[in-house]
Amino acid sequence: MHTPCSEANVNRKRRSRAEEASDEVIVDEIVDQVNVDANITALLPRGATLDISDFPSFDASRVRADAVSRLFDRQDYTYLPLKADHASRPIWINPETGHFILEAFSPIAEQAQDFLTAIAEPVSRPSHLHEYRLTPYSLYAAVSVGLETNDIIDVLNRLSKVPVPESVAKLIQECTLSYGKVKLVLKQNRYYVESQHPSILQRLLKDSVIRGARVLDGGEAIVPSRAPTADGLRIPGTARKPGSEGETDMFNAIIELDKDDDVGEDEGESVHSFEIVASQVENVRKRCNQLDLPMLEEYDFRNDTFNPDLEIDLKPITVIRPYQEKSLSKMFGNGRARSGIIVLPCGAGKTLVGITAACTVKKSTLVLCTSSVSVMQWKQQFLMWSNIKESRIAVFTADQKERFAGDAGIVISTYSMVANTRQRSYESAKMMEFIKSREWGFLLLDEVHVVPAQMFRQVISTVATHAKLGLTATLVREDEKIDDLNFLIGPKLYEANWMDLAHQGHIATVQCAEVWCEMSPEFYSEYLRERSRKRALLYAMNPRKVQACQYLIKYHEERGDKIIVFSDNVYALREYALLLKKPYIYGGTGQTERMNILHQFQHNPALNTMFLSKVGDTSIDLPEATCLIQISSHYGSRRQEAQRLGRILRAKRRNDEGFNAFFYSLVSKDTQEMFYSTKRQQFLIDQGYAFKVITHLEGMDQMEDLVYRDKASRLDYLHTVLMASEKDAILEDVGGDAEDTLSSAAARRTTGSLQSLSGGDNMAFLEMERSSRARKDTQHPLFKKYKKRHDA
Ligand SMILES: Nc1ncnc2c1ncn2[C@@H]1O[C@H](COP(=O)(O)OP(=O)(O)OP(=O)(O)O)[C@@H](O)[C@H]1O
């Protein structure tokens, strides 16, 4: 993170003792100055101490004269005038990049964080300082949750230590003034273009495409009506958190909005609209984008009398968690359903968020997942959390093609089933007709980060739907295709902070470590000589790595942990597992054997370790697992790293006193693997996880049965590895979204062909190859403009 203080800290380490001594004098002076500022200390949380490195701002004229300021070089923003009461305001604004630094130790950090997540993208959120960045997408999302240009600038100004720089205010204005001003609303199966600003509708109607799409029924072109009232739509199963009002007061004391600012939809301003023909919706949407007036999509489900209601509610025993409620309030905040994406960490309960949204909309719902195993789990979860009748849920997979009873219901299927353009079986074609022929109130899209944009386009153009909700844990893709999702589904509505959820006990706290394993000399000289893919095999099979793995398994088994060892390379997986006498599962493992291993892992105290290939990256729920060891991984995939960590975030024992789960990445030192490893960790580091580097495992060399201790055995082993074909160095291809037929009782999300579980991975990688040819025509011109400006 590029903050003046962190950079100064790094640079300071490189400097001579003499310079440091002179700095100390200055720092002492600053500390003195800070100490006399009673306001600052009074604002600190009880028990917290003031660290000068957390406190880089002080009198600008003094800084210029001291020995430290030159270290900041171009990042010296001391010319920005600090507000007199800056100490009680938690945000720094970078005028050049639109990045914000939030002092996470501020008493109003939580409220400031809520505001920043609504208007900006979190970049990095370690313990003390958080970094956010403004982007057109984040501002688009802000507008879509109801924030207005002036509110954004005003609140930012109140939270900021310096007046909002003109460049930042301009970006906010440029990106938000036209956004959110036009809405596409589907009412009683008729599409309306709606706005509170008649002039904007008039501007749109000057466009020939839009004018041509308008329904002319002799009525007024622009029809005024009443805006929906934000009557605080209550999401089922939610209750107001005690004490939350007090916190709001505190927040308001600093950033209080003018009363007038609140007069908006609450007061029932009139809105104006004109109708467009359904077949022209896509064209009108495109035109609006080109005119810099993108349409927001909202579903006025409570006034939809055209589509039959679905009898569904959360069971009385279902209580949704505060962060789940918060994410949903972004979707339903104004009494309508806004389309968009909710981002929650693995294991934080995205399924229940989706189900609660369906219970709120109460209209026919289509759920799309990445595999048929997930389809069955969604069905089971609907039955577990809600009171929906089983006959109202239908499953559409390769093996089951059901229809729900009655006129409203839920269909759960996979992306590939719905997006398939090849020849379909008779049954499948009939089912698709059923899906296409009706209007869906709600489309729930699971694991949106892995589905190619083309597939989304196919789904969205096939299914007539009012509101869309995308769910994901990691809104990152190596192919940078995330932007497409914003336009195909909607903006990001909410993103939870992983660390907060871990501190509240909703997900496990995890200790992450990278274990650096020296390459044994024999392997290293082969590695340097080798030019082919076998290099990867050599660093994966490094005997020191095998030893580290053996040691860690022993250490954690003795602690009572249940361990999963991950390897993307099947050759390495098999060799390690056979050598260490542990069971392994990969794409080719027979079904009975798989079920048996998973069952034993869960219930047999004598089996505490299993090896798992890439097929277990996603959708596997083994809450018994408390330790992960990664021996070989898919190059630099940040998403895969996060998903793997996700396997232990739901550890059953997470709320035990002092409990920690463990995540080890074994890396062969001085090889290409180190580069990939650093890249892989970035997403988790940005979530606040700290990777410790372990260079020496205490006591490993003294282990009695340590493998490959002598040179002869290592040379033998090297020959075996060199004999392996180049094919063995290639990572496992786990096939597409294969349909499976298995089920087992206990292991939720492991109840089937694991081969099918990783279909999503393949989808994303497939798209990566095509990314260079990807069409950019759906990109909003303002974003293109913005990107060009930034690239320049
Ligand atoms: N409000 C809640 N009350 C009780 N249990 C909950 C709640 N929300 C989620 N859970 C439980 O948390 C676990 C994880 O939920 P879920 O499988 O939906 O997570 P997820 O976010 O989809 O994870 P992944 O990304 O790994 O698929 C489940 O066992 C679920 O029953």
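# Exercises on a predicted model

Gly-441 sits in strand S15 (residues 439–445). The structure is a predicted model, and the exercises below start from this residue.

**Exercise 1.** Determine whether Gly-441 is buried or exposed, and list which residues Gly-441 touches.

Solution. Step one is the neighbour count: 25 other C-beta atoms lie within 10 Å of Gly-441. The cut-off for a buried residue is 20 or more, so Gly-441 is buried. Step two is the contact list, not counting residues up to four places away in sequence. Gly-441 touches Phe-301, Asn-307, Val-361, Lys-363, Ser-364, Thr-365, His-466 and Ala-467. Step three is a distance along and across the chain: Gln-111 is 330 residues apart from Gly-441, and 33 Å separate their C-alpha atoms.

**Exercise 2.** Describe the open sheet of seven strands: give the strand order, the edge strands and the average twist.

Solution. Begin with the order, which reads S13-S14-S12-S15-S16-S11-S17. The pairing in this sheet is parallel. Next come the edges: strand S13 (393–396) and strand S17 (492–495) each pair on one side only. From one strand to the next, the twist averages 20°. The last step takes up one pair. Strand S11 (residues 340–343) joins S17 in the parallel sense over three bridges, and Val-343 stands opposite Glu-495 in S17. In general, the strands of a sheet pair through backbone hydrogen bonds, either parallel or antiparallel.

**Exercise 3.** Locate two residues other than glycine with positive phi, Lys-362 and Tyr-708, and decide for each whether it is buried or exposed.

Solution. Take Lys-362 first. Its phi is positive, about 55°, although Lys-362 is not a glycine. Lys-362 belongs to the loop between H15 and strand S12 (365–369). Within 10 Å there are 21 other C-beta atoms, so Lys-362 is buried. Now take Tyr-708, whose phi is positive and near 50°. Tyr-708 is found in the loop between strand S24 (691–694) and helix H29 (711–723). Tyr-708 counts as buried because it has 20 C-beta neighbours inside 10 Å.

**Exercise 4.** Divide the chain into its domains and describe the contact of domain 3 with domain 4.

Solution. The domain assignment gives domain 1 (80–177), domain 2 (180–233 + 268–299), domain 3 (307–503) and domain 4 (508–729). Taken over C-alpha atoms, the centres of domain 3 and domain 4 are 34 Å apart. Their contact takes 15 residues from domain 3 and 14 residues from domain 4. On the side of domain 3 that touches domain 4, helix H16 (372–385) and helix H21 (498–503) are the elements that give two or more residues. H21 gives the most to this side, with three residues. By type, this side of domain 3 divides into eight nonpolar, five polar and two charged residues.

**Exercise 5.** Characterise the shell around the ligand: name the residues that come nearest, the element with the largest share and the domains that supply at least three residues each.

Solution. The shell holds 16 residues, of which Cys-346, Gly-349, Lys-350, Thr-351 and Leu-352 come nearest to the ligand. Sorted by element, the largest share is three residues, from helix H15 (residues 350–361). Sorted by domain, at least three residues come from each of domain 3 (307–503) and domain 4 (508–729). Sorted by type, the shell has seven nonpolar, six polar and three charged residues.

Note on methods:
Residues numbered from 1 in each chain as written. Predicted model: local features only at pLDDT ≥ 70, side-chain atom pairs only at ≥ 80, totals over all residues. Near = placed C-beta within 6 Å. Helix = DSSP H or I, 4+ residues; strand = E, 2+ residues; numbered from the N terminus. Nonpolar A, V, L, I, M, F, W, Y, C, P; charged D, E, K, R; others polar. Domains from an automatic or database assignment. Contact = placed C-beta atoms within 7 Å. Pairing = 2+ DSSP bridges. Axes fitted to C-alpha atoms, helices over the stretch in contact; angles between N-to-C directions. Buried ≥ 20, exposed ≤ 12 C-beta atoms within 10 Å, placed from the backbone.
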